[in-house]
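The report that follows looks at one protein chain, moving from a single residue outward to the chain as a whole. Please keep the sequence and the structure in view while reading.

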Amino acid sequence: MSKRTTDPKGIRCSFCGSFEKDVAMMVEGQTGYICDLCVFSANDIVHENLLNHSTQTTELVTQKPADIKRELDNYIIGQEYAKKIVSVAVYNHYKRIAHKNDRDEVELEKTNILLLGPTGTGKTLIARTLAKLLNVPFAIADATVLTEAGYVGEDVENILVRLYQAANYDVERTEMGIVYIDEIDKIGKRDSNVSITRDVSGEGVQQALLKILEGTVSNIPPKGGRKHPEQPLVSINTSNILFICGGAFNGIEEIIQRRLAGGGIGFDRDVKAKLTRDEILQNVEPEDLIKFGFIPELVGRLPMTALLHEHTEKALLSILREPKNSIIRQYQKLFEMEDVKLEFRDDALRAIVKIALKKHTGARALRSIMERIMMDIMYETPSIKNIESVTVSRAVIEGGAKPLYKKVRKTA
């Protein structure tokens, strides 16, 4: 029975509750009514949401390169030149997306990035921070497990599956995401062994990567895995996906040195041999990457190369203290949840850094060292009553001594 016969006061809007006599028009649906005012309000809401969705890519370029680098500075210590290169590349990339519909004879090509530097220098962190800053989907892939189609391993296209899943299965957002491919140097075609089950040479993987790096339409299985004829596929255009590749490239310094020496002997060669690895890597050229084992086409699809330097003692100390999500702040936050103040003396932090330098794994070593040190403290602290603060000294780091527990003073 309709509301027209059951409501003594007349028909009411199912959304705002207004009576028919109080509005200009009432539209009847299958189970209710909506007034003209609610129709206009609903239209404004729908229009605003569609507009926000359609202009999402253009909003990405409102952050200038200096603004992007400033945000990176909050999370990444040092690596100034690398952060500057990445900031400019990302700004230009998303500016290109924003103006992709402009009618112009000049076609802007995509600028993928190669991050070159030792382990633990912040390559992955830069890519992850960029994705978080720009609010775009982000996926990480390990190049060492990738294989050419038809071999045992993981298809290159599975990289796009991860990005698609990170975008909550939204094709449009997937097509403006960021992919970080780690250990890209491991697919250099330098292995002479042959396998019928796995493409160990790396050249086949490079050819497969080349297609998605330069821009193509890939048909991917939404849930990953191998394709089969009856499986539904999703088409992803990679033309606007930013690819950031990273690797340590151990051994490439020897290739660069030979090029710089020019085959000469004597004093000139001796001087060049005394350069540090960072100083040598600053001279890396595309031809060095090709000699390292990369096909020229792939090198051409990674036009921006950013060198990340090995962390010094001062840099590692800053990494412990300064970033917004520094390891120290993370542990302090955990203790704050129990109303306990966690403090580290300066000599304790310096001792942690010295241990990390011996491991030669950069900032990654800091996490493992802190986990080992804090394990017993985190185990004991919750069981001790009335603790106000915990202070970690150098003796705790080096000698396994107990931290200083300060208890709350009892009031009279």
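Serine 87 is buried in this predicted model, because its relative accessible area is 1% and a residue counts as buried when that value is under 20%. Serine 87 has its place in helix H5, which runs over residues 80–98. When its neighbours within four places in sequence are left aside, serine 87 is in contact with Pro65, Ile68, Lys69 and Leu72.

Several of these contact partners return when we turn to helix H4, which spans residues 65–73 and in which Ile68, Lys69 and Leu72 are buried. These buried residues cover an arc of only 95° around the axis, which means that they are on the same side of H4. The cover over the buried residues of H4 includes H5 and helix H6 (123–134).

**Salt bridges**

Side chains of opposite charge can pair when their charged atoms come close. In this structure there are 16 salt bridges, and the table below lists three of them, with the distance given from N to O.

| Acidic residue | Basic residue | Distance, N to O |
|---|---|---|
| Glutamate 80 | Lysine 83 | 3.5 Å |
| Aspartate 185 | Lysine 186 | 3.3 Å |
| Aspartate 346 | Arginine 321 | 2.9 Å |

How many residues apart in helix H5 are glutamate 80 and lysine 83? They are 3 residues apart, and so about one helical turn separates them. An α-helix has 3.6 residues a turn, so residues three or four places apart point the same way. The two partners nevertheless fall into separate classes of exposure, since glutamate 80 counts as partly exposed at 41% relative accessibility, whereas lysine 83 is buried, with a relative accessible area of 1%. This pair also belongs to a wider arrangement, for Lys69, Asp73, Glu80 and Lys83 are linked in a network of salt bridges. Lys69, as described above, is a buried residue of H4 and is also in contact with serine 87.

In the pair formed by aspartate 185 and lysine 186, is the aspartate buried or exposed? Aspartate 185 counts as buried, because its relative accessibility is 4%, while lysine 186 is partly exposed, with a relative accessible area of 44%.

The pair of aspartate 346 and arginine 321 brings together two helices: the side chains of these residues meet in a salt bridge, and because aspartate 346 lies in helix H17 (residues 346–359) and arginine 321 in helix H15 (residues 313–321), the pair ties together parts that are 25 residues apart in sequence. Here aspartate 346 counts as partly exposed at 43% relative accessibility, and arginine 321 is partly exposed too, with a relative accessible area of 33%.

**Nonpolar cores**

In soluble globular proteins, nonpolar side chains tend to be buried together. The largest nonpolar core of this chain has 41 residues, of which Ile159, Ile181, Ile184, Leu209, Phe249 and Ile252 touch the most other members. The largest share of this core, 5 residues, comes from H7. A second, separate core consists of 30 residues, among them Leu320, Tyr331, Ala356 and Ile387.

Helix H7 itself covers residues 158–166, and its buried residues are Asn158, Ile159, Leu160, Val161, Leu163 and Tyr164. After H7 comes asparagine 168, whose phi is positive, near 60°. Isoleucine 184, one of the residues that touch the most other members of the largest core, makes contact with Leu114, Ala143, Leu209, Cys245, Gly246, Gly247, Phe249 and Phe294, if residues up to four places away in sequence are not counted.

**The surface and the whole chain**

Nonpolar residues also appear at the surface, where Met25, Val27 and Val39 make a nonpolar patch of about 240 Å². Within this patch, valine 27 has its place in strand E1 (residues 26–28) and counts as partly exposed, because its relative accessibility is 37%. Glutamine 330, in helix H16 (residues 327–336), is likewise partly exposed, with a relative accessible area of 31%. Beyond its neighbours within four places in sequence, glutamine 330 is in contact with Asn325 and Arg367.

Taken as a whole, the chain has 19 helices and 14 strands, and 42% of its 412 residues count as buried. Among the contacts between residues at least 6 apart in sequence, 68% join residues at least 24 apart. The chain exposes about 23,400 Å², of which carbon and sulfur atoms supply 51%.

Definitions and conventions
Residues numbered from 1 in each chain as written. Predicted model: local features only at pLDDT ≥ 70, side-chain atom pairs only at ≥ 80, totals over all residues. Heavy atoms only, no water. Helix = DSSP H or I, 4+ residues; strand = E, 2+ residues; numbered from the N terminus. Buried < 20%, exposed > 50% of the residue type's maximum accessible area, 1.4 Å probe, protein only. Contact = heavy atoms within 4.5 Å. Patch = residues over 30% accessible without salt bridge, like charges linked within 9 Å, V, L, I, M, F, W, Y side chains within 5 Å. Areas by Shrake-Rupley, 256 points an atom, 1.4 Å probe, with all protein chains shown as cover. Salt bridge = Lys/Arg side-chain N within 4 Å of Asp/Glu carboxyl O. Arc of directions from axis to C-beta. Core = buried A, V, L, I, M, F, W, Y, C linked by side-chain atoms within 4.5 Å.
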